[in-house]
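Here is a short report for modelling work. It covers the ligand shell, the domains and one helix pair.

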Amino acid sequence: MTIKAILIGAGVRGANVYAPYARNHPHQLQFAAVAEPDPVRRTSFAVDYDIPNEHIYEDWREVLQKPRFADAVWICTQDRMHYEVALMALQQGYHVLLEKPISPSPIECLELEEAARKSNRLLTICHVLRYTPFWTGIQNVIESGDIGRVVDIQLRENIGYAHMAHSYVRGNWNNAASASPMILAKSCHDLDLISWLMGEECVRLSSFGSLFHFVKEQAPEGATERCSDGCPHIKSCCYVDQRYYMGEGRRHAQHFSGDLSDQMIRQQLPHTPYGRCVYHCDNDVVDHQNVNLQFGNGATASFSLSAFTHDSSRSVQISGTRGEIRGNMAKQSFTVYSFVDGSSTEIQVEDGGREGTDRMLHEFCEQVEFFTGSSLTSASASLQSHMMAFAAEESRLNNGQCLELGQLIDRYRVEATKNCFYCTV
Ligand SMILES: NC(=O)c1ccc[n+]([C@@H]2O[C@H](COP(=O)([O-])OP(=O)(O)OC[C@H]3O[C@@H](n4cnc5c(N)ncnc54)[C@H](O)[C@@H]3O)[C@@H](O)[C@H]2O)c1
């Protein structure tokens with residue numbers, strides 16, 4: 001069976017990262033419609049995927065108001081535009097693939113998870129890392145019992161100074177009120193991995209962190225509002241806009257330009273948010289944060305994220321009662337140390353970059369076809385890590401106060417029950 005999907009939000013994730021799966025697997029997946037307000041993105045997607053004229057929409061409401069005419073909806077809009085769209089798609093009887101985070105509101109996360117269960121539809125969250133060979137490999141070792149019971153996990157996310165400036169200082173996720181707090185926007189993936197690898201409920205946590213550097217007080221004297229305004233620090237500043245977008249960060253220029261040539265980037269950059277001085281933006285999300293977590297069986301974990309790293313990578317150390325795993329995702333390799341025979345085995349995984357995404361989309365299509373009712377990253381499976389992120393943010397804002405996750409979720413659940421369409425019928 002060929003799954004018919006509707007794409008809502010033909011932006012970077014929807015059109016550039018996920019949709020090519022349909023081109024590569026036309027017998028498994030076809031797009032039946034697209035909703036996208038940007039005329040260039042909309043038209044280009046409609047042409048690339050042969051969308052009939054009557055199913056090209058400017059807004060998600062137009063397509064979801066129609067009686068159901070496809071199997072699934074892929075929601076790839078910005079964080080604050082997930083809840084309403086997903087709720088309506090579920091109400092219309094669609095299976096839903098939803099970008100993370102489920103929502104920046106804990107109450108909306110609970111409501112959507114409940115709505116999916118009660119409507120008996122798939123609501124799969126794009127926690128792509130769980131599907132990658134690196135993290136699947138680590139999970140398989142834990143499941144094999146080779147390292148015994150997991151006692152402690154340490155996970156570090158190196159955001160990378162340039163990536164930080166792009167996404168979390170100048171870009172779409174720089175402000176908690178218009179997008180999400182950093183711990184949710186960037187690190188719900190990491191908390192999801194910790195929760196999955198631990199296989200236990202988190203019971204309490206505390207968190208510290210702040211916006212340390214990307215504030216106007218740190219601007220060097222005379223720094224201009226935009227790099228292109230004749231800033232005197234253009235040679236010494238590590239965050240000069242053009243250097244990144246015309247170098248290693250070129251692919252990120254797709255956030256403001258369909259054409260990634262030097263000429264177009266040079267022309268467009270000064271007129272976009274990405275040309276702003278990093279010390280003169282409307283950002284408020286943290287540039288470093290730590291979270292300490294305790295699980296139901298007494299095991300612990302710690303997570304730290306930092307903008308101040310030369311690359312973007314993740315490293316992990318997992319201590320078990322019979323062995324240990326140490327890994328580095330950028331190197332696509334991890335080593336398993338056995339306390340039983342003193343051996344160490346290095347495992348190098350093969351990942352050309354699309355493996356995790358392709359596996360996630362393949363499994364989603366299969367689940368739509370042979371409806372099994374749950375997925376590796378269902379909303380139910382992802383709820384715990386989202387709640388950990390909300391708790392971490394609440395703790396951070398309260399001077400690192402230790403919070404009981406169960407109590408916090410109960411509090412959110414009372415609110416969710418008051419509002420939810422599905423909880424009141
Ligand atoms: N899973 C991951 O690893 C991962 C990585 C990056 C981003 N994300 C998430 O993916 C989501 C999308 O990010 P992106 O980088 O593709 O953003 P984007 O801004 O490139 O894409 C969002 C698209 O939604 C469209 N849109 C806006 N209003 C709309 C409406 N009324 N109807 C239909 N479409 C509408 C926008 O025009 C835009 O093209 C975000 O929630 C983000 O947090 C996930």
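Helix H1 (residues 12-18) gives the largest share of the shell around the ligand, 3 residues. Helices here are DSSP runs (H or I, at least four residues), numbered from the N terminus. This is a predicted model: local features need pLDDT of at least 70, side-chain atom pairs count only at pLDDT 80 or more, and totals for chains, interfaces and linings use all residues. Residues are numbered from 1 along each chain as its sequence is written.

In total, 25 residues surround the ligand, and the closest are Gly9, Gly11, Val12, Arg13 and Glu99. A residue counts as near if its C-beta atom, placed from the backbone, lies within 6 Å of the molecule.

The table sorts three sets of residues by class. Ala, Val, Leu, Ile, Met, Phe, Trp, Tyr, Cys and Pro count as nonpolar, Asp, Glu, Lys and Arg as charged, and the others, Gly among them, as polar.

| Set | Nonpolar | Polar | Charged |
|---|---|---|---|
| Shell around the ligand | 11 residues | 6 residues | 8 residues |
| Side of domain 2 that touches domain 3 | 3 residues | 2 residues | 1 residue |
| Contact of H5 with H6 | 7 residues | 1 residue | 1 residue |

The domain assignment, automatic or from a database, gives domain 1 (3-127 + 356-378 + 412-424), domain 2 (130-215 + 283-351) and domain 3 (219-275). The C-alpha centres of domain 2 and domain 3 lie 30 Å apart. Contact (C-beta atoms, placed from the backbone, within 7 Å) links 6 residues of domain 2 with 8 residues of domain 3.

The axes of H5 (residues 83-91) and H6 (residues 106-119) come within 10 Å and cross at roughly 10°. H5 is therefore roughly parallel to H6 (angles under 35 degrees). Axes are lines fitted to C-alpha atoms over the stretch in contact, with angles from 0 to 180 degrees between N-to-C directions. Tyr83, Ala86, Leu87 and Leu90 of H5 meet Glu108, Leu112, Ala115, Ala116 and Ser119 of H6.

Terms used: Helix = DSSP H or I, 4+ residues; strand = E, 2+ residues; numbered from the N terminus. Parallel < 35°, antiparallel > 145°, perpendicular 65-115°, else oblique. Contact = placed C-beta atoms within 7 Å.
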